[in-house]
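Grab a pencil and work through these exercises with me. Have a go at each task before you peek at the solution.

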Amino acid sequence: MRGPGRWAVLFALVVLAVVMIFPFLVVAINAVKSPAEYGSQGPLSLPDGLYLQGIIDFWNRVEFGTKLWNSFLISASVAVLAVVLSVLNAYALGIGRVKGRLWILVLFLVANTLPQEALAYPLYYLAKAVDLYDTQLAVIIVMTAIQAAFGTYLLSAVLGQFPKEILEAAAIDGAGRLRSLWRIVVPISRPTINVLLIFFFIWTWNEFFLPLIFLISNDTQTVPVALGVLQGEKYMDATTSSASALLGVVPAIAFFLIFQRTLTRGVTVGAIK
(Lines give C-alpha, C1' and ligand atoms only; values in the text may rest on other atoms or scores of the structure.)
Protein backbone atom coordinates (compact mmCIF):
# COMPACT_ATOMS: atom_id res chain seq x y z
CA MET A 1 0.00 0.00 0.00
CA ARG A 2 1.43 3.36 -1.05
CA GLY A 3 0.53 7.01 -0.97
CA PRO A 4 -2.19 8.59 1.20
CA GLY A 5 -3.76 5.22 1.96
CA ARG A 6 -0.71 4.02 3.87
CA TRP A 7 -0.51 7.20 5.94
CA ALA A 8 -4.22 6.99 6.71
CA VAL A 9 -3.79 3.44 8.01
CA LEU A 10 -0.76 4.43 10.10
CA PHE A 11 -2.63 7.42 11.52
CA ALA A 12 -5.61 5.22 12.41
CA LEU A 13 -3.30 2.72 14.15
CA VAL A 14 -1.60 5.49 16.15
CA VAL A 15 -4.96 6.93 17.22
CA LEU A 16 -6.19 3.47 18.19
CA ALA A 17 -3.04 2.80 20.22
CA VAL A 18 -3.34 6.13 22.04
CA VAL A 19 -7.02 5.60 22.82
CA MET A 20 -6.36 2.11 24.19
CA ILE A 21 -3.02 2.61 25.98
CA PHE A 22 -3.36 6.13 27.40
CA PRO A 23 -6.14 5.31 29.91
CA PHE A 24 -4.19 2.29 31.16
CA LEU A 25 -1.05 4.41 31.62
CA VAL A 26 -3.00 7.01 33.60
CA VAL A 27 -4.42 4.31 35.85
CA ALA A 28 -0.99 2.72 36.34
CA ILE A 29 0.61 6.07 37.21
CA ASN A 30 -2.07 7.01 39.72
CA ALA A 31 -2.00 3.54 41.29
CA VAL A 32 1.55 4.18 42.56
CA LYS A 33 0.93 7.81 43.54
CA SER A 34 0.16 8.99 47.09
CA PRO A 35 -3.14 10.80 47.78
CA ALA A 36 -1.24 13.97 48.69
CA GLU A 37 0.68 13.84 45.44
CA TYR A 38 -2.53 13.24 43.50
CA GLY A 39 -4.24 16.17 45.19
CA SER A 40 -1.40 18.63 44.65
CA GLN A 41 -0.14 17.65 41.20
CA GLY A 42 -3.21 16.15 39.51
CA PRO A 43 -3.83 12.84 37.75
CA LEU A 44 -1.49 13.40 34.78
CA SER A 45 1.71 14.13 36.69
CA LEU A 46 4.44 11.54 37.13
CA PRO A 47 4.92 10.21 40.68
CA ASP A 48 8.04 11.18 42.64
CA GLY A 49 8.32 7.61 43.88
CA LEU A 50 6.47 4.31 44.15
CA TYR A 51 3.63 4.52 46.66
CA LEU A 52 2.33 0.98 47.09
CA GLN A 53 0.17 1.51 50.15
CA GLY A 54 -2.93 2.06 48.00
CA ILE A 55 -2.47 -1.35 46.37
CA ILE A 56 -1.88 -2.99 49.77
CA ASP A 57 -4.91 -1.27 51.32
CA PHE A 58 -7.19 -2.36 48.49
CA TRP A 59 -5.86 -5.93 48.56
CA ASN A 60 -6.54 -6.24 52.29
CA ARG A 61 -9.83 -4.33 52.29
CA VAL A 62 -11.62 -6.53 49.77
CA GLU A 63 -9.61 -9.74 50.29
CA PHE A 64 -8.45 -9.52 46.71
CA GLY A 65 -6.77 -12.93 46.72
CA THR A 66 -10.15 -14.59 47.26
CA LYS A 67 -11.77 -12.46 44.54
CA LEU A 68 -8.93 -13.35 42.18
CA TRP A 69 -9.45 -17.07 42.72
CA ASN A 70 -13.23 -16.74 42.32
CA SER A 71 -12.82 -14.91 39.00
CA PHE A 72 -10.32 -17.45 37.73
CA LEU A 73 -12.48 -20.40 38.77
CA ILE A 74 -15.62 -18.98 37.16
CA SER A 75 -13.89 -17.75 33.99
CA ALA A 76 -11.94 -20.96 33.38
CA SER A 77 -14.96 -23.16 34.04
CA VAL A 78 -17.19 -21.11 31.75
CA ALA A 79 -14.58 -21.00 28.98
CA VAL A 80 -14.07 -24.77 28.95
CA LEU A 81 -17.73 -25.73 29.35
CA ALA A 82 -18.95 -23.18 26.80
CA VAL A 83 -16.41 -24.37 24.22
CA VAL A 84 -17.38 -28.02 24.75
CA LEU A 85 -21.08 -27.20 24.39
CA SER A 86 -20.42 -25.02 21.35
CA VAL A 87 -18.47 -27.79 19.62
CA LEU A 88 -21.13 -30.41 20.31
CA ASN A 89 -23.98 -28.14 19.22
CA ALA A 90 -22.16 -26.88 16.15
CA TYR A 91 -21.23 -30.44 15.13
CA ALA A 92 -24.89 -31.41 15.20
CA LEU A 93 -26.07 -28.26 13.44
CA GLY A 94 -23.20 -27.63 11.02
CA ILE A 95 -22.30 -31.19 10.01
CA GLY A 96 -25.16 -33.32 11.28
CA ARG A 97 -27.71 -31.03 9.62
CA VAL A 98 -30.45 -31.75 12.15
CA LYS A 99 -34.02 -30.98 11.17
CA GLY A 100 -34.98 -27.36 11.81
CA ARG A 101 -31.33 -26.28 11.77
CA LEU A 102 -32.09 -22.79 10.46
CA TRP A 103 -34.65 -22.02 13.16
CA ILE A 104 -32.35 -23.35 15.87
CA LEU A 105 -29.59 -21.02 14.66
CA VAL A 106 -32.06 -18.13 14.63
CA LEU A 107 -32.93 -19.01 18.23
CA PHE A 108 -29.26 -18.87 19.21
CA LEU A 109 -28.89 -15.56 17.37
CA VAL A 110 -31.87 -14.07 19.20
CA ALA A 111 -30.43 -15.31 22.50
CA ASN A 112 -27.24 -13.35 21.77
CA THR A 113 -29.21 -10.15 21.18
CA LEU A 114 -31.14 -10.25 24.46
CA PRO A 115 -29.86 -7.72 27.02
CA GLN A 116 -28.72 -9.16 30.32
CA GLU A 117 -31.09 -6.84 32.15
CA ALA A 118 -33.99 -8.78 30.62
CA LEU A 119 -32.53 -12.06 31.91
CA ALA A 120 -31.73 -10.88 35.43
CA TYR A 121 -35.25 -11.09 36.89
CA PRO A 122 -36.18 -14.67 35.83
CA LEU A 123 -32.64 -16.00 36.45
CA TYR A 124 -32.61 -14.47 39.94
CA TYR A 125 -35.79 -16.26 41.00
CA LEU A 126 -34.74 -19.46 39.25
CA ALA A 127 -31.46 -19.49 41.21
CA LYS A 128 -33.41 -18.87 44.42
CA ALA A 129 -35.80 -21.73 43.64
CA VAL A 130 -33.02 -24.30 43.12
CA ASP A 131 -30.87 -23.07 46.06
CA LEU A 132 -28.03 -21.89 43.86
CA TYR A 133 -28.23 -18.20 44.73
CA ASP A 134 -24.95 -16.70 45.98
CA THR A 135 -22.88 -19.57 44.59
CA GLN A 136 -20.26 -19.60 41.86
CA LEU A 137 -22.10 -22.51 40.24
CA ALA A 138 -25.08 -20.27 39.44
CA VAL A 139 -22.86 -17.79 37.57
CA ILE A 140 -21.01 -20.61 35.82
CA ILE A 141 -24.25 -22.15 34.53
CA VAL A 142 -25.72 -18.83 33.36
CA MET A 143 -22.53 -17.55 31.72
CA THR A 144 -21.88 -20.93 30.09
CA ALA A 145 -25.30 -20.82 28.45
CA ILE A 146 -24.76 -17.23 27.27
CA GLN A 147 -21.28 -17.84 25.86
CA ALA A 148 -22.26 -21.20 24.32
CA ALA A 149 -25.07 -19.51 22.40
CA PHE A 150 -22.55 -17.28 20.65
CA GLY A 151 -20.04 -20.11 20.21
CA THR A 152 -22.68 -22.38 18.69
CA TYR A 153 -23.75 -19.73 16.18
CA LEU A 154 -20.16 -19.03 15.14
CA LEU A 155 -18.95 -22.64 14.96
CA SER A 156 -22.06 -23.77 13.10
CA ALA A 157 -21.19 -21.44 10.27
CA VAL A 158 -17.59 -22.71 10.28
CA LEU A 159 -18.43 -26.41 10.43
CA GLY A 160 -21.12 -25.96 7.80
CA GLN A 161 -18.25 -25.53 5.31
CA PHE A 162 -16.33 -28.56 6.61
CA PRO A 163 -15.15 -30.86 3.75
CA LYS A 164 -17.51 -33.82 3.59
CA GLU A 165 -14.88 -35.98 1.87
CA ILE A 166 -12.80 -36.13 5.05
CA LEU A 167 -15.73 -37.37 7.13
CA GLU A 168 -16.75 -39.86 4.45
CA ALA A 169 -13.22 -41.27 4.39
CA ALA A 170 -13.26 -41.57 8.18
CA ALA A 171 -16.61 -43.37 8.04
CA ILE A 172 -15.23 -45.84 5.51
CA ASP A 173 -12.36 -46.54 7.92
CA GLY A 174 -14.90 -47.38 10.62
CA ALA A 175 -14.85 -44.13 12.63
CA GLY A 176 -18.12 -43.31 14.37
CA ARG A 177 -19.56 -39.85 14.84
CA LEU A 178 -17.90 -39.16 18.20
CA ARG A 179 -14.54 -40.44 17.00
CA SER A 180 -14.79 -38.31 13.86
CA LEU A 181 -15.60 -35.31 16.03
CA TRP A 182 -12.68 -35.63 18.47
CA ARG A 183 -10.11 -37.06 16.06
CA ILE A 184 -10.86 -35.06 12.90
CA VAL A 185 -13.21 -32.09 13.35
CA VAL A 186 -11.76 -30.75 16.61
CA PRO A 187 -8.06 -30.88 15.55
CA ILE A 188 -8.77 -29.18 12.23
CA SER A 189 -10.99 -26.56 13.88
CA ARG A 190 -8.58 -26.01 16.79
CA PRO A 191 -7.57 -22.42 15.81
CA THR A 192 -11.18 -21.22 15.94
CA ILE A 193 -11.83 -23.19 19.13
CA ASN A 194 -8.77 -21.64 20.78
CA VAL A 195 -9.96 -18.16 19.87
CA LEU A 196 -13.36 -18.89 21.43
CA LEU A 197 -11.68 -20.25 24.57
CA ILE A 198 -9.62 -17.08 25.01
CA PHE A 199 -12.55 -14.75 24.32
CA PHE A 200 -14.88 -16.66 26.64
CA PHE A 201 -12.34 -16.42 29.46
CA ILE A 202 -11.76 -12.67 29.03
CA TRP A 203 -15.46 -11.86 28.54
CA THR A 204 -16.41 -13.82 31.65
CA TRP A 205 -13.57 -12.29 33.65
CA ASN A 206 -14.79 -8.77 32.83
CA GLU A 207 -18.46 -9.59 33.49
CA PHE A 208 -19.94 -7.33 36.17
CA PHE A 209 -23.72 -7.21 36.00
CA LEU A 210 -24.69 -10.85 36.54
CA PRO A 211 -22.06 -11.58 39.24
CA LEU A 212 -23.24 -8.43 41.02
CA ILE A 213 -26.77 -9.87 41.15
CA PHE A 214 -25.94 -13.48 41.96
CA LEU A 215 -22.93 -13.10 44.28
CA ILE A 216 -23.65 -11.10 47.42
CA SER A 217 -21.28 -12.75 49.91
CA ASN A 218 -17.75 -11.51 50.30
CA ASP A 219 -16.40 -15.04 49.85
CA THR A 220 -18.06 -15.58 46.46
CA GLN A 221 -17.64 -12.23 44.70
CA THR A 222 -15.41 -11.71 41.65
CA VAL A 223 -12.80 -9.08 40.81
CA PRO A 224 -15.13 -6.69 38.86
CA VAL A 225 -17.62 -6.75 41.74
CA ALA A 226 -14.82 -6.02 44.21
CA LEU A 227 -13.86 -2.93 42.22
CA GLY A 228 -17.32 -1.48 42.78
CA VAL A 229 -17.15 -1.54 46.57
CA LEU A 230 -14.71 1.39 46.61
CA GLN A 231 -17.15 3.84 45.06
CA GLY A 232 -18.94 5.77 47.76
CA GLU A 233 -21.72 8.33 47.47
CA LYS A 234 -19.76 11.13 49.13
CA TYR A 235 -16.15 10.04 48.88
CA MET A 236 -13.82 8.31 46.44
CA ASP A 237 -10.14 7.58 47.00
CA ALA A 238 -8.70 8.18 43.53
CA THR A 239 -5.35 6.47 44.14
CA THR A 240 -6.91 3.38 45.74
CA SER A 241 -9.47 3.22 42.94
CA SER A 242 -6.64 3.36 40.40
CA ALA A 243 -4.83 0.61 42.30
CA SER A 244 -7.96 -1.53 42.25
CA ALA A 245 -8.44 -0.96 38.51
CA LEU A 246 -4.81 -1.87 37.86
CA LEU A 247 -5.05 -5.08 39.88
CA GLY A 248 -8.32 -5.94 38.15
CA VAL A 249 -7.08 -5.54 34.60
CA VAL A 250 -3.55 -6.98 34.93
CA PRO A 251 -4.65 -10.67 35.07
CA ALA A 252 -6.77 -10.31 31.92
CA ILE A 253 -3.91 -8.55 30.09
CA ALA A 254 -1.46 -11.22 31.24
CA PHE A 255 -3.79 -13.97 30.02
CA PHE A 256 -4.15 -12.21 26.67
CA LEU A 257 -0.39 -11.76 26.26
CA ILE A 258 0.32 -15.39 27.16
CA PHE A 259 -2.08 -16.64 24.50
CA GLN A 260 -1.49 -13.83 22.00
CA ARG A 261 0.24 -16.14 19.50
CA THR A 262 -2.60 -18.64 19.75
CA LEU A 263 -5.16 -15.88 19.22
CA THR A 264 -3.31 -14.43 16.24
CA ARG A 265 -2.91 -17.86 14.65
CA GLY A 266 -6.60 -18.60 15.10
CA VAL A 267 -7.68 -15.33 13.50
CA THR A 268 -5.30 -15.52 10.53
CA VAL A 269 -5.35 -19.23 9.77
CA GLY A 270 -9.08 -19.87 10.24
CA ALA A 271 -10.72 -23.13 11.10
CA ILE A 272 -10.39 -25.03 7.81
CA LYS A 273 -7.01 -25.59 6.22
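Here are four exercises on this chain, each with a worked solution.

Before you start: this is a predicted model, where local features need pLDDT of at least 70, side-chain atom pairs count only at pLDDT 80 or more, and totals for chains, interfaces and linings use all residues. Residues are numbered from 1 along each chain as its sequence is written, and side-chain values use heavy atoms, with hydrogens and water left out.

**Exercise 1. Work out what secondary structure the chain has, and what share of its residues is buried.**

Step 1: Go through the DSSP runs, numbered from the N terminus (helices are H or I, at least four residues; strands are E, at least two). You get 14 helices and zero strands.

Step 2: Now look at burial (buried means under 20% relative accessible area, exposed over 50%, partly exposed in between, with a 1.4 Å probe and protein chains only). Of the 273 residues, 38% are buried.

**Exercise 2. Find the largest nonpolar core and the helix that gives the most to it.**

Step 1: Know what to look for: a nonpolar core is a set of buried Ala, Val, Leu, Ile, Met, Phe, Trp, Tyr and Cys residues joined through side-chain atoms within 4.5 Å.

Step 2: The largest one has 37 residues, and Val 87, Ile 95, Phe 162 and Val 185 have the most contacts inside it.

Step 3: Several helices give two or more residues to this core, including H4 (64–95) and H9 (177–188). The top giver is H4, with eight residues.

Step 4: There's also a second, separate core of 14 residues, with Ala 120 and Ile 213 among them.

**Exercise 3. Explain why Tyr 91 counts as buried, and find a contact partner for it.**

Step 1: Tyr 91 sits in helix H4. Its relative accessibility is 14%, so it counts as buried.

Step 2: Check contacts (heavy atoms within 4.5 Å). Leaving out residues up to four places away in sequence, Val 185 touches Tyr 91, along with Ile 95, Leu 159, Phe 162, Leu 167 and Ser 180.

**Exercise 4. Describe how H10 and H13 pack.**

Step 1: Fit the axes (lines through C-alpha atoms, for helices over the stretch in contact, with angles from 0 to 180 degrees between N-to-C directions). The axes lie 11 Å apart, at an angle of about 180°.

Step 2: Angles under 35 degrees count as roughly parallel, over 145 as roughly antiparallel, 65 to 115 as roughly perpendicular and the rest as oblique. H10 and H13 are therefore roughly antiparallel.

Step 3: Ile 198, Phe 201, Ile 202 and Trp 205 in H10 meet Gly 248, Pro 251, Ala 252, Phe 255 and Phe 256 in H13.
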